[in-house]
Amino acid sequence: MPRPREFDEATAVSGALTAFRAAGYEATSTQELCEATGLGRSSVYNAFGSKHALFRRALRRYFDDTMERYRLLVDEPRPVREIVRTVFTSVIEDEAGPGSRGCFAVNTAAELGGRDPVITEDLRGHAEDIVVLFADLVRRGQRDGELDPGADPTAVAEFVHGTVGGLRVLSRTGFGRAALEHMAERALTAL
């Protein structure tokens, strides 16, 4: 009879997420995962199957957390432009603030996107979920007369999502807070 698990799986996944965010998939060693999860090498593999499977679980946790933050923000009874401004501001704070680790999804896309078909599909699915959420927000703005009613909500949502990703990537290439703020303002004007 198999022994029952003697660890908190959610805590182990959170620890793995921290380790993978710090170094990326390939640079995170099994030993680092053991230290981050509090599990021995065999326990990591027995519980999750492989480093890749554990990475996908950590990535899914990050996706879930991101979507929850976006849902809470989108559900606020404020003007749509204010909500989008808050999204951009939070990205800038996240990227330009002290101790920034960047966006795990963007960092993963840069490391594995296009090279790992499974991870690429996971990333694409997450991006599609965000676009659907933002498109609903755009429809609300159109219904309330705040945004152009003739614009394609999905195209506007893709633009907002692309701006978020662009701000994150540009931050990683050395653009400072002022430049990111100018880009965010320009994007808001384009809405």
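Select Thr163 to begin; this residue sits in helix H8, which covers residues 153-172. The model on screen is a predicted one.

Is Thr163 buried or exposed? Its relative accessible area is 12%, and buried means under 20%, so Thr163 counts as buried. Now show what lies around Thr163. Leaving aside residues up to four places away in sequence, Thr163 touches Phe88 and Ala187.

Next, zoom out to the whole protein. How many helices and strands does the protein have? There are 9 helices and 0 strands. Following the chain along the sequence gives the pattern α-α-α-α-α-α-α-α-α. The C-alpha atoms fill a box of roughly 65 × 40 × 30 Å, taken along the principal axes.

Keep the whole protein selected and colour by burial. Of the 191 residues, 40% are buried. Switch on the surface: the accessible area comes to about 10200 Å², and carbon and sulfur atoms account for 54% of that area.

Now select helix H1 (residues 9-23) together with helix H4 (residues 51-74). Two packed helices are described by the angle between their axes and the distance between the axes. The axes of H1 and H4 cross at roughly 95 degrees and come within 9 Å. Angles of 65 to 115 degrees count as roughly perpendicular, so H1 is roughly perpendicular to H4. Show the side chains where the two helices meet. On H1 the contact is made by Glu9, Ala10, Val13, Ser14, Ala16, Leu17, Phe20 and Arg21. The residues on H4 include Leu54, Phe55, Ala58 and Tyr62.

Keep H4, hide H1, and add helix H7, residues 117-143. How far apart are the axes of H4 and H7? They are 11 Å apart, and the helices pack at an angle of about 5 degrees. Angles under 35 degrees count as roughly parallel, which means H4 is roughly parallel to H7. On the H4 side, the residues in this contact include His52, Phe55, Leu59, Phe63, Met67 and Tyr70. Among the H7 residues they meet are Val118, Ile119, Leu123, His126, Ile130 and Phe134. Stop at Phe55 of H4: this residue takes part in the contact with H1 and also in the contact with H7.

To finish, return to the full protein and select the charged residues. There are 24 positive and 29 negative charges, and their mean positions are 2 Å apart. Then display the contacts with a separation of 6 or more: residues 24 or more positions apart account for 68% of them.

How values were computed: Residues numbered from 1 in each chain as written. Predicted model: local features only at pLDDT ≥ 70, side-chain atom pairs only at ≥ 80, totals over all residues. Heavy atoms only, no water. Helix = DSSP H or I, 4+ residues; strand = E, 2+ residues; numbered from the N terminus. Buried < 20%, exposed > 50% of the residue type's maximum accessible area, 1.4 Å probe, protein only. Contact = heavy atoms within 4.5 Å. Areas by Shrake-Rupley, 256 points an atom, 1.4 Å probe, with all protein chains shown as cover. Lys, Arg positive; Asp, Glu negative; His and termini not counted. Charge placed at Lys NZ, Arg CZ, Asp CG, Glu CD. Axes fitted to C-alpha atoms, helices over the stretch in contact; angles between N-to-C directions. Parallel < 35°, antiparallel > 145°, perpendicular 65-115°, else oblique.
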